[in-house]
Amino acid sequence: MIDQGIERRSAAVTEMPEELRHDVRLLGKLLGQVIAEQGGEDLLADVERLRKAVIAARRGEVSADEVTAMVAEWEVDRAVQIARAFTCYFHLANLAEEHYRIRTLRERDTEGGVQRESLAHAVHELGAERVAELVERLELHPVLTAHPTEARRRAVVTAIQRISGQLTEYNAPGRGASERAESRRRLLEEIDLLWRTAHLRPSKLDPLDEVRTAMAAFDETLFRVVPQIYRSLDVALAEGSGTRPPLARPFIRYGSWIGGDRDGNPNVTAKVTREAVQIQAEHVLSALETATTRIGRTLTATAQFAPASPELKAAIAATEDAHPELVSELATRSPREPHRQWLLFVAARIAATRRRDLDLAYLSPDDLLADLRLAQNSLAGSAGRQAYGELQHLVWQVETFGFHLAELEVRQHSQVHAAALEEVRAGGELSERTEEVLATIRVIGWIQERFGVRACSRYVVSFTRDSSDVAAVYELARHALGTRAPVLDVVPLFESGQDLANSPRVLSGMLEIPQVQERLATTGRRMEIMLGYSDSAKELGPAAATLRLYEAQEQLTAWAAEHDVRLRMFHGRGGALGRGGGPANRAVLAQAPGSVAGSFKVTEQGEVIFARYGHTAIARRHMEQVANAVLLASSPTVGARTAAAADRFRALAEQVATASEQAYRSLTEAAGFPEWFALVSPLEELGSLRLGSRPARRGLGAPRSLDDLRAIPWVFAWAQTRVNLPGWYGLGTGLASVASLDELRAAYREWPLFNALLDNAEMSLAKTDRSIAEHYLELGGRADFTEQVLAEYDRTRSLVLQVTGHTRLLENRKVLSRAVQLRDPYVDALSHLQLRALRALRTGTFTDHERDRLSTLLLLSVNGVAAGLQNTG
């Protein structure tokens, strides 16, 4: 085992591309310089001692006990500084890998070549005519959530972004020696600032902080990348993109729960929801104003070479009568440039919309689109490139984001509605919580009046058990606003195994609700439901949850066909593998046949938002991969192939699901398990990280059962212990229950769902470290639980390798395998530091100051391990 580990690490170092090796060494060297300057050469020497010791431990040259003794020698404050050093290193290593990934994406995007899993690849596979048909109903709907899985402070994120910019400058080709020297100086300056920045949040985030954090992804990436994606599809569909009306229609719709999700979060109020949508509107209107002004200023074509159409001339004349001073000023600045005048006038109207200047403001995005198309149609006659170039990008941006940016969705627990409805029907004085429910509905009405129904109409009901849970929301809406009740699409959320099984019955009951019937008639019989991955995985285990969710999707697809309903399934997937995470495009292809039907809606949570949308090139690649998968999954040929595989392996899947669930429950439902889990992991301390505004746990005190725990800290805490149990536990027993290894291998080859299940488990197993995990598990004082967990790990690892045919974990994923192997020793260093703090906090007696310093060490190590593993919850 040790020899294999040495070989794997040596191979990983050898395989590291030169560009990546260069950046990692450069950033590491500069960090070492900063550490020596700020903490002294002796601090850098201690960091190096630990670094070399954990590498030697991986080689079998040093024992874990020796590393433990070394870490115990340091004063707590010195250990804190060392934890900060390794955490900073991981932030810089992640940055270097991101830069390498971006370079690789650009190198693969060669002229004349078709990149795999792109929109052009979908056209190549399915044909332009077929894709053009599918595009008519294609919709991608990512929903940003505030679930607390981003361990980094915003100040740390922005510091890393500045370092990223300087690294780009440093590596830019053709730079002289003095320019490179200045870039290196600036890099050192920014790394110095990262070192000096507090990595732990000094105070808890409030919901509006979370809204503003998400807006950074919009400002820096999403607004720009959306038209690029549409353009790439338009180019793939036919020649002449940019000179003709586009064949690609806007198919991306963003949603947000940030500031709307109040399930378990008392900090999200009606006032917060109102302010959240206003913040969103400010950002999108500012972006549209800037883009329109930029295009208007550059559109200097004169009337001689691009004459205005009669319609545009009439519109300019009408505006001159209504706003003579403004139009006169624009005409003076842009003589004989009618299109420039018009777009600058449009920009002024967008600015007025943002300021709420009703004399000039647009009443709706449709009015703005009409003005943009007026200019576009005018240009199309004589200057097609101007009509369908940057101006078309602006049209696509308005069509995608409107004036609200992302549809704000409200979520609340069914029990809250039931209690509120009981009070309302009783007719007495209403409690504060019930008043808040009614106030939320009134705010939805206000949002629709100001920004349109698209801005906020979906109301998600957590723990939907019966159609009456949906009907309750409509009844409360009538009580809140009477005949002026807002347009609502109430979305049932099915989370537990039993709720998934009951979901068709609940939907049949919903068809009897008058408001649902009315919405079906209005929307062309569209209905949306939500499937919860996190809680089902926490309850059933990863393998059983994956297979039960697939089974539910099959049943729901059949139900929709029987009742002539166009059903969209909203996938509540977490970022981590233990909460339904993993590559999104592979998740799409693994869905039940007929369940995608051109539409895919999914939650994007925590660190996943910045991992996928932190850079334009990566965001574009991610969205193209998902769109490619949706198009392929919606193809009858792919659907038939998937259906045949599902039918063939249905009995095998049921056997795996049943056995894996039994194994999982035998651990998690055993007496004393919750208390043991709280001892062996930093579960109790995670709340001190202040990851978000939402409480980390239901209720107070130590968890008495898994029901007391939210899915995020459940997964996060297991990741910190290096066990990663939610990503694989029970799968080994499930696979062992099948007598034929050949059948398991056939299912892995032929069935996308089974393939994704095992590949995701393999990723989770690769991030598990058995030897480090043992040290954590021993803290609980339950040898039986420790033995049970490690035995299942050994069983799962062995059988996953046998079924996949791999000789080592991640054998077929060289880039990910290299990243994991290179990081492991440095994560080990942080784990040893965390174990020191955890042991002391669990067993020692301290002054308040000593406890505070140990807690700081623990939380810094948690932050660093999350950066090293590149996932939290």
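User: How many salt bridges does a search of the whole structure find?
Analyst: First, a caveat: this is a predicted model, where local features need pLDDT of at least 70, side-chain atom pairs count only at pLDDT 80 or more, and totals for chains, interfaces and linings use all residues. Residues are numbered from 1 along each chain as its sequence is written, and side-chain values use heavy atoms, with hydrogens and water left out. Taking a salt bridge as a side-chain nitrogen of Lys or Arg within 4 Å of a carboxyl oxygen of Asp or Glu, the search finds 64.

User: Which side chain does K601 meet in a salt bridge?
Analyst: The two side chains meet at 2.5 Å, N to O. The pair ties together distant parts of the chain, 192 residues apart, with K601 in strand β9 and its partner in the loop between β3 and β4; strands (E, at least two residues) and helices (H or I, at least four) are DSSP runs numbered from the N terminus. Both K601 and its partner are buried, and the partner is E409.

User: Which residues are linked with K601 in a network of salt bridges?
Analyst: K601 and E409 already meet in a salt bridge, and both are members of the network. The full linked set is E139, E407, E409, R458, E528, R568 and K601.

User: In what order do the nine strands of the open sheet run?
Analyst: The pairing is parallel, where two strands count as paired if DSSP finds at least two bridges between them. From one side to the other, the order is β3-β2-β1-β9-β8-β7-β6-β5-β4.

User: And which are the edge strands?
Analyst: In the order β3-β2-β1-β9-β8-β7-β6-β5-β4, look at the two ends. An edge strand here pairs on one side only. That gives β3 (407-408) and β4 (410-413).

User: What is the bridge partner of V460 in β6?
Analyst: Strand β5 covers residues 458-462 and strand β6 covers 489-494, and the two pair in the parallel sense over four bridges. In β6, the partner of V460 is V491.

User: At about what angle does helix α27 run to β1?
Analyst: Angles run from 0 to 180 degrees between N-to-C directions, using axes fitted to C-alpha atoms, for helices over the stretch in contact. Helix α20 (residues 467-481) lies across β5 and β6, at about 150° to β6. Helix α27 (residues 616-633) lies across β1 (139-145) and β9 (599-605), and its angle to β1 is about 130°.

User: Is R548 buried or exposed?
Analyst: R548 meets E551 in a salt bridge at 3.9 Å, N to O, and because they are three residues apart in helix α24 (residues 542-562), about one helical turn separates them. Buried means under 20% relative accessible area, exposed over 50%, partly exposed in between (1.4 Å probe, protein chains only). E551, at 31%, is partly exposed, whereas R548, at 18%, is buried.

User: What about R665, which E661 meets in a salt bridge: what is its relative accessible area?
Analyst: The E661 and R665 side chains meet at 2.8 Å, N to O. They are four residues apart in helix α29 (residues 650-668), so about one helical turn lies between them. E661 is buried at 17%, while R665 is partly exposed at 23%.

User: How many of the eight residues of helix α23 are buried?
Analyst: Helix α23 (residues 533-540) is mostly covered, and what covers its buried residues includes β7 (526-532), β8 (566-572) and α31 (711-720). The buried ones are Y533, S534, D535, S536, A537, K538 and L540. The count is seven.

User: Which side chain makes a polar contact with the side chain of T434?
Analyst: T434 lies in helix α19 (residues 432-451) and, at 2% relative accessibility, counts as buried. A polar contact is a pair of N or O atoms within 3.5 Å; within protein, one must be able to donate a hydrogen and the other to accept it, and sequence-adjacent residues count only if both atoms are side-chain atoms. At 3.0 Å, the partner is E423.

User: Which residues touch the most other members of the largest nonpolar core?
Analyst: A nonpolar core is a set of buried Ala, Val, Leu, Ile, Met, Phe, Trp, Tyr and Cys residues joined through side-chain atoms within 4.5 Å. This one has 140 residues, and the two in question are F251 and M527.

Technical notes:
Contact means heavy atoms within 4.5 Å.
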